[in-house]
Amino acid sequence: MQLWYWPDLPGRGEFVRLFMEAAEIDYVDLAREQDADAMVEDLFGRTGMRPFAPPYLVDGEVVIGQTALILLYLSDKEGIGSGDLATDLQLMQLQMDISDLVEEVHSVHHPIAHDLYYADQMDAAFQRAETIRANRIPKYLLHFENALAGNGGPFMLGGQFSHVDTSLFQVMEGLDYAFPNYMKTLQGQFPYLEALQASVPEIESLAPYLASERRIDFNEDGIFRHYEELDEA
């Protein structure tokens with residue numbers, strides 16, 4: 001399989017990488033082996049119902065974009081799910097909720113327009129950060145906490161990890177990076193999420209990746225960015 005995503009930032013591609021590593025799926029991270037220009041050339045060289053933007057996955061004749069859809073495809077192909085359609089759809093529902101949260105986090109530092117620099121929209125970003133800290137992050141985390149509690153944890157399906165678990169791990173790590181002071185105030189309020197965050201790195205197949213240089217650090221070019229002025233306890 002071939003994964004195309006920007007080579008220098010974790011972004012949405014990291015959600016796919018984490019699951020593929022945990023599921024021991026062989027893949028080539030093509031833009032990291034080549035470069036971003038090669039990815040752009042590949043993407044815009046495609047016609048018809050091509051992906052809108054990276055990440056996208058190429059598996060033979062199958063070419064699909066959108067993080068949640070890629071993860072659904074991989075889960076189904078590799079048989080890593082519940083085996084029950086209704087439950088697998090609920091997992092996809094949660095994955096799409098994660099996508100919504102990721103977009104809201106991105107809008108903190110780009111509240112007006114994606115093509116404007118953060119410095120050009122700092123006043124709006126400060127207001128947006130207040131809202132997401134006070135209302136949106138707690139609302140999402142409670143939603144995921146309640147879902148985890150349903151099966152007793154540490155994962156959504158109990159003892160078996162799914163794409164939702166590796167994605168929630170990335171969300172929690174990202175929030176800790178972007179809002180370290182704020183997230184410290186929430187410690188102990190979401191015990192199931194905290195247990196998941198501690199359990200995902202213990203997945204035997206995932207641990208080597210997390211410890212390797214292939215795991216890209218969070219940075220100020222990605223979705224989860226740390227700006228001290230946006231992180232108030």
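Q: Which strands form a hairpin here, and how many residues sit between them?
A: A hairpin is a good place to start. In this predicted model, β3 and β4 form one, with two residues between them. Look for Gly60 in the turn: its phi is positive, at about 65°.

Q: In which sense do strand β3 and strand β4 pair?
A: The sense is antiparallel, and the pairing runs over four bridges. Strand β3 covers residues 56–59, while strand β4 covers residues 62–65. To follow one bridge yourself, pick Tyr56 and look across to β4, where its partner is Gly65.

Q: What do side chains do along a strand?
A: In a regular strand they alternate between the two faces of the sheet.

Q: Let's move to a helix. Where is Glu104 found?
A: Find helix α5, which spans residues 85–109; Glu104 belongs to that helix.

Q: Is Glu104 buried or exposed?
A: Here you compare the relative accessible area with a cut-off: buried means under 20%. Glu104 comes out at 13%, so this residue counts as buried.

Q: Which residues does Glu104 touch, leaving out those up to four places away in sequence?
A: With those neighbours left out, Glu104 touches Arg128, Ile132, Arg136 and Tyr140. Take a second look at Tyr140: its side chain and that of Glu104 are joined by a polar contact of 2.9 Å.

Q: Now for pockets. How much space lies in the largest pocket?
A: The largest pocket holds about 740 Å³ of space. Its lining has 30 residues, and Tyr5, Arg12, Ala53, Pro54 and Pro55 are the ones nearest the centre.

Q: Which elements each supply at least two residues of that lining?
A: They are β4, α4 (67–78) and α5. So you meet two old friends again, β4 from the hairpin and α5, the helix with Glu104. The largest share of this lining, six residues, comes from α5.

Q: How many residues of each class line the largest pocket?
A: Sorted by class, you get 16 nonpolar, nine polar and five charged residues.

Q: What about the second largest pocket: how much space lies there?
A: About 170 Å³. The residues lining this pocket include Met172, Asp176, Met183, Phe190 and Gln197. At least two lining residues come from each of α7 (163–178), α8 (180–185) and α9 (191–199), and α8 gives the most, with three.

Q: And how does the lining of the second largest pocket divide by class?
A: There are five nonpolar residues, two polar and three charged.

Technical notes. Residues numbered from 1 in each chain as written. Predicted model: local features only at pLDDT ≥ 70, side-chain atom pairs only at ≥ 80, totals over all residues. Heavy atoms only, no water. Pairing = 2+ DSSP bridges. Buried < 20%, exposed > 50% of the residue type's maximum accessible area, 1.4 Å probe, protein only. Polar contact = N/O pair within 3.5 Å; in protein donor to acceptor, adjacent residues only side chain to side chain. Contact = heavy atoms within 4.5 Å. 1 Å grid on protein atoms, 1.4 Å probe; cavity = no way out; pocket = protein on both sides within 12 Å on 5 of 7 lines; lining within 4 Å. Points joined across faces, edges and corners; volume = space filled by probe spheres on them. Nonpolar A, V, L, I, M, F, W, Y, C, P; charged D, E, K, R; others polar.
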